[in-house]
Each structure stands twice: as structure tokens, then as C-alpha cells.
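Have a slow look at the fold below, and turn it around a few times before reading on. We'll walk through it piece by piece.

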Amino acid sequence: MPEVSDGDSVGGRRTTPPAPAPKPKPASRVRMSAAQRREQLIATGRQLFAERGFDATSIEEVASRAKVSKPVVYEHFGGKEGLYAVVVDREVRALLDRITTALTAGHPRELLEQAAMALLGYIEEETSGFRVLVRESPLMSATGTFSSIMNDVAHQVEHILGAEFKSRGYDPKLAELYSQALVGMVALTGSWWMEARKPRKETVAAHLVNLAWNGLSHLEAKPTLITARRR
């Protein structure tokens, strides 16, 4: 009966089989600090709220995408509402800071151009943040909605228009009405442009200012409706 060998035979000599390759060690996970984890969860929440809106986003989805357990999210923010509030607050400050910083010109028309370009630039560069702001916020959130942000911007525009109205002999009390109309026009156009992305933002801003400024420069002191004039 032939002898059983635990190795191969080469030229009558027994050889030792090669040792199995060592198994690779599992990659060690880098542990995040509490501050890093918080920033990661804010970024994850921002993206999900932009994609799905507040109501359609769940804590389970936030935790799953961030690769953490649900209690970690609750520990940092107390719940979905807390996370949403932080995300919205950051976007509000980012947008208002951008617009406020942009308003440096002395001429009112240039100020309109700067405000329009600041908003369109934010939409272009921070699309996810803008989507969060224009989506409906939860009912329990009394502040931080896109409407409240635009109201803040309109108050700044109101001061500019008030001085311009006074110098032209118009009623400065109507500056608030016109500022709301102007900011609303830019904001609504910006929401449309977020999806269309054509034409380029400089062209969009130029046409917005063209409509706003040329309309403002030929205002009637006491406008009335044509239908009312016929009565």
C-alpha cells in the first residue's frame, strides 16, 4: 500500500505545502468626536430634508445613511424636529449673510443687482440648502421658513426704497409694499431657475433688475386701475 504523503514529491523528495496567506485584518473604524458626529448628522439631515422634505424624512433614514444607531441622533438633537431646526437655522444665516454682505453699492439699481446675484448665487452653490428652505416646514416651526427669510430681506430693501421714494416725491409709506413685491418676484424666479438653470444667473439677474428698475423709474405717483378709471 503506497505511503500517504502530506506534501508533494519532487524527485523522490517530499516537499512541505505552502503556508496559507494570513487573513487581512479588518479595517479599524475611525471614531468620530462628538462635534464631528454632530456635523455629519447635520449634513446627512440637510441632504435628506432637501430630497424628501420634513414629513417624508424619518430618524431611521438619517441614522441609516449616517451609519449610526437611532439613539445617537436623539442624543444630539432630541428628535427630527431638533435636527430640522438646526439645519434651517444654518441655511437662514448663510443666505442672509450672503445677501447682507453683497449690499455694498451706493446706487439703488446696483443694490438690486447685488441682491439678485446674491440670491441666485446661493441657489447655484447651495442647492440642497435652498431646497430645504423652500419646502414646507413642520407646523410646529413658527420661524425659519423661506417666507420669514424673505421678509427679513424685504425689510432691508424697504429702507433702500424708502429713501428713493422720498427723493422722488412718492409716498415713503408704500416702500414696504414695493419691497415685498420686489423680493417676492426675485424669490419666485429663483425657485423656477433652481430647476431650469437656463439662462445663466447673470442673465436672469439682469432681466429681473431690468423689470424692477425700469418699472420703478417710471412709477406713477398715485396709480389707479384702468377699470376703476372707466367707472
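P199 sits in the loop between α8 and α9. Keep in mind while you look that this is a predicted model. The peptide bond joining K198 and P199 is cis, with omega at about -5°. R197 belongs to the loop between α8 and α9 too, and its phi is near 60°, a positive value in a residue other than glycine. Is R197 buried or exposed? Neither word fits: R197 counts as partly exposed, because its relative accessibility is 31% and that class runs between 20% and 50%.

Another loop has a positive phi of its own. K67 lies between α2 (59–66) and α3 (70–77), and its phi is about 60° although K67 is not a glycine. K67 has a relative accessible area of 64%, so it counts as exposed, the cut-off for that being over 50%.

Now zoom out to the whole chain. How many helices and strands does the protein have? There are 10 helices and two strands. Reading from the N terminus, you meet the elements in the order β-β-α-α-α-α-α-α-α-α-α-α. The protein has 231 residues, and 35% of them count as buried. Take the contacts between residues at least 6 apart in sequence: 64% of these join residues at least 24 apart.

Next, pick out a pair of helices. Two packed helices can be described by the angle between their axes and the distance between those axes. Helix α4 (residues 80–102) and helix α5 (residues 108–125) have axes that come within 8 Å and cross at roughly 145°. The crossing of α4 past α5 is right-handed. On the α4 side, E91, L95, R98, I99 and A102 make the contact, and on the α5 side the partners are Q114, A118, L119, G121, Y122 and E125. Sort the residues of this contact by class and you get six nonpolar, two polar and three charged.

What about the gaps inside? Rolling a probe the size of a water molecule over the atoms shows where empty space is left. Here the count comes to three cavities of 30 Å³ or more. The largest cavity has a volume of about 250 Å³. It is lined by 22 residues, and the closest to its centre are L112, A115, V157, V183 and V186. Which elements give two or more residues to this lining? They are α5, α7 (146–168), α8 (175–196) and α9 (201–216). So you've met α5 already, as the partner of α4. By class, the lining of the largest cavity has 21 nonpolar residues, no polar ones and one charged residue.

The second largest cavity has a volume of about 50 Å³. Its lining is made of E164, F165, R168, Y170, W213, L216, S217 and L219. Two elements, α7 and α9, give two or more residues to this lining, and the largest share, three residues, comes from α7. By class, five of the lining residues are nonpolar, one is polar and two are charged.

Finish your tour at L177, which lies in helix α8. Is L177 buried or exposed? Its relative accessible area is 52%, so L177 is exposed, given that the class begins over 50%. Along the chain, L177 and E158 are 19 residues apart, and their C-alpha atoms are separated by 8.3 Å.

Key. Residues numbered from 1 in each chain as written. Predicted model: local features only at pLDDT ≥ 70, side-chain atom pairs only at ≥ 80, totals over all residues. Heavy atoms only, no water. Axes fitted to C-alpha atoms, helices over the stretch in contact; angles between N-to-C directions. Helix = DSSP H or I, 4+ residues; strand = E, 2+ residues; numbered from the N terminus. Left-handed = near helix turned anticlockwise from the far one by under 90°. Contact = heavy atoms within 4.5 Å. Nonpolar A, V, L, I, M, F, W, Y, C, P; charged D, E, K, R; others polar. 1 Å grid on protein atoms, 1.4 Å probe; cavity = no way out; pocket = protein on both sides within 12 Å on 5 of 7 lines; lining within 4 Å. Points joined across faces, edges and corners; volume = space filled by probe spheres on them. Buried < 20%, exposed > 50% of the residue type's maximum accessible area, 1.4 Å probe, protein only.
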